[in-house]
Amino acid sequence: MPDQYEIRRFKPAAKDDPGYPEAVAWMRAVAFGFHDARRSDERVDRGIEMQRVDGREMTGVYQTGAVPEHSLGAEIPVATFGTMDKTLNIGFGRLLDTRLVTAVTVRTSHRRRGLLRRMMAEDLAQARTEGLAMAALTASEASIYGRFGFGVATSEQSIKVDTGARFVLNHTPTGRVEVADPKVLLELAPAVFDRLHRRTPGSVDRHEFYRQFASGSVSRDDGEDPKVKVALHYGPDGGVDGYVSYKFGGWSSTPHTMEIVDLVAATHAAYLELWQYLGAIDLVERVTWEEAPVDDPLPWALTDPRCVDASEARDMLWLRILDVRKALEARHYPRDGRLVLKVSDTLGLTGGTFALDVSGGAAVVSDADGADVDLELDVAVLSSIYLGGVHPVTLAASGRIREAAPGAAFTAAGMFAVERPAHCLTHF
Ligand SMILES: CC(C)(COP(=O)(O)OP(=O)(O)OC[C@H]1O[C@@H](n2cnc3c(N)ncnc32)[C@H](O)[C@@H]1OP(=O)(O)O)[C@@H](O)C(=O)NCCC(=O)NCCS
């Protein structure tokens with residue numbers, strides 16, 4: 001990184017602390033990087049408060065020399081990088097502490113000078129030193145992060161569901177759905193999400209923003225969103241085990257549409273019954289959702305699966321193994337076996353040849369320099385197959401995995417499989 005820059009890492013200060021303006025400047029730089037409208041001071045304050053609840057760290061790159069007159073001052077970072085640590089469900093109910101990377105921006109007038117590379121390389125190395133075995137992010141562009149060892153591990157799709165007369169869902173309710181004041185989600189949403197999180201491979205634990213957002217207490221750019229409505233699902237035991245937060249798209253758009261803001265169901269029945277509710281809303285012929293699972297039970301539950309019009313699948317969660325041994329030993333495997341993996345890592349954090357020996361579902365990983373290799377792959381590719389969400393045979397066919405021992409990719413598919421399709425409902 002040229003020396004006209006310095007990099008600073010800090011935790012956001014409380015409103016009355018002397019460090020507060022630094023956090024405000026950082027937040028404004030992030031909003032600028034994502035082309036957001038300028039937020040009110042109150043919304044920035046709320047944003048910083050939420051970051052503090054999450055225990056986030058802010059990294060900024062600052063100009064050290066004089067800045068030209070009339071341009072943004074040197075106190076506004078030209079590049080930003082945010083981090084927080086949360087758990088990732090890695091299958092069979094196991095949760096792995098994971099470094100989440102977010103708020104990555106580089107000001108246009110300072111791009112392609114290595115600022116992202118510097119922030120990323122330093123943070124990943126630090127996360128590993130702190131003992132973390134995994135990093136994760138969600139990407140605005142798919143071409144940026146592979147070079148840093150991140151691979152796509154889960155996908156999502158947008159759906160438009162025709163809730164007119166042909167919407168018939170074959171399911172006999174076991175619980176009930178009731179409308180609630182949206183603000184109840186401030187209290188209920190974290191507990192309901194926690195249940196989903198513990199049963200869903202690929203799930204990332206949520207940050208503070210979500211309960212505020214789902215309850216209409218904040219919108220992405222502004223304060224309260226008075227359009228948000230909420231329905232709760234009560235399970236057979238009377239407890240809340242699912243919710244949907246949604247809003248009306250307006251009378252001028254046809255067909256009249258309800259947009260899902262957030263849908264969290266901790267049981268299969270809750271998921272289907274919330275959809276039964278959505279399908280029954282009067283004066284509306286369509287329900288849309290931007291974060292639907294690719295492997296969605298909904299079309300299979302409908303008499304006419306073509307009620308669901310799904311977009312192309314999009315990459316959602318990107319994973320980056322920071323420590324191969326730790327990450328592989330953290331997993332439970334549904335199938336025993338042995339694989340020798342030759343893993344390359346251009347950042348030099350965790351490359352090498354590893355023997356993965358699984359017995360009774362538990363793994364022991366050892367150095368295997370000189371042993372016959374079964375699969376040769378980049379750490380980004382190992383990260384993609386880690387959650388069972390991407391098929392190793394497909395990656396071998398694409399040339400991303402070199403299958404030195406015939407059939408080893410299929411063996412890997414069996415060993416890395418998880419109990420239910422991986423899906424991540426947390427954008428960060
Ligand atoms: C994407 C972004 C952060 C890159 O920052 P940068 O400081 O210009 O990146 P660097 O100079 O460190 O480049 C690192 C490498 O990534 C490559 N790269 C950077 N941005 C890229 C992009 N959008 N597409 C493809 N490659 C990209 C560079 O060519 C360079 O490659 P090399 O190291 O192999 O030569 C910056 O362009 C940006 O702020 N974009 C808008 C916000 C955004 O998209 N953020 C990502 C949110 S997930």
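**Exercise 1. Compare the span of helix 1 with the expected span, and establish which of its residues are buried and what covers them.**

Solution. In this predicted model, helix 1 occupies residues 20-33, and its 14 residues reach 20 Å from the first C-alpha to the last, close to the 20 Å expected at 1.5 Å a residue. The next step is burial, for which the criterion is 20 or more other C-beta atoms within 10 Å of a residue's own. By this criterion the buried residues of helix 1 are Glu22, Ala23, Val24, Ala25, Trp26, Met27, Ala29, Val30 and Ala31. What covers these buried residues includes strand 1 (5-10), strand 2 (57-63), strand 3 (79-89) and strand 4 (95-106), together with helix 2 (41-54).

**Exercise 2. Locate the backbone features that depart from the general rule for phi and for the peptide bond, and describe their surroundings.**

Solution. The rule to start from is that most residues other than glycine have a negative phi, and that most peptide bonds are trans. Histidine 35, although not a glycine, has a positive phi of about 60°; this residue comes just after helix 1 and lies in the loop between helix 1 and helix 2. With 7 other C-beta atoms within 10 Å, histidine 35 is exposed. Phenylalanine 92 also has a positive phi, near 55°, and is found in the loop between strand 3 and strand 4; here 15 other C-beta atoms lie within 10 Å, so the residue is classed as partly exposed. For the peptide bond, the case to note is the one from threonine 254 to proline 255, which is cis, with omega near -10°. Proline 255 is found in the loop between strand 10 (240-248) and strand 11 (257-265).

**Exercise 3. Work out the strand order of the five-stranded open sheet, identify its edges, and place helix 11 relative to it.**

Solution. The five strands follow the order 18-17-16-19-20 with mixed pairing, and the sheet they form is open. Strand 18 (362-367) and strand 20 (401-403) each have a single partner strand, so each stands at an edge and has one side without a neighbour in the sheet. From one strand to the next, the twist averages 25°. Within the sheet, strand 16 (residues 337-344) and strand 19 (residues 375-378) run parallel and are joined by four bridges, and lysine 342 stands opposite glutamate 376 in strand 19. Helix 11 (residues 408-416) lies across strand 16, strand 17 (352-359), strand 19 and strand 20, and runs at about 105° to strand 16.

**Exercise 4. Characterise the largest nonpolar core and the surroundings of isoleucine 321.**

Solution. The largest nonpolar core has 125 residues, and those with the most contacts inside it are Ala136, Tyr243, Leu274 and Ile321. Helix 1 gives the largest share of this core, namely eight residues. Taking isoleucine 321 and leaving out residues up to four places away in sequence, one finds that it touches Ala133, Met134, Ala327, Thr350, Val379, Leu382, Ser383 and Tyr386.

**Exercise 5. Describe the division of the chain into domains and how domain 1 meets domain 2.**

Solution. The chain is divided into domain 1 (5-132), domain 2 (156-315) and domain 3 (323-416). The centres of domain 1 and domain 2, taken over C-alpha atoms, are separated by 31 Å, and 18 residues of domain 1 are in contact with 16 residues of domain 2. On the side of domain 1 that touches domain 2, helix 2 and strand 3 are the elements that give two or more residues, and the largest share of that side, six residues, comes from helix 2.

Key: Residues numbered from 1 in each chain as written. Predicted model: local features only at pLDDT ≥ 70, side-chain atom pairs only at ≥ 80, totals over all residues. Pairing = 2+ DSSP bridges. Axes fitted to C-alpha atoms, helices over the stretch in contact; angles between N-to-C directions. Contact = placed C-beta atoms within 7 Å. Expected span 1.5 Å × (residues − 1). Buried ≥ 20, exposed ≤ 12 C-beta atoms within 10 Å, placed from the backbone. Core = buried A, V, L, I, M, F, W, Y, C linked by C-beta atoms within 7 Å. Domains from an automatic or database assignment.
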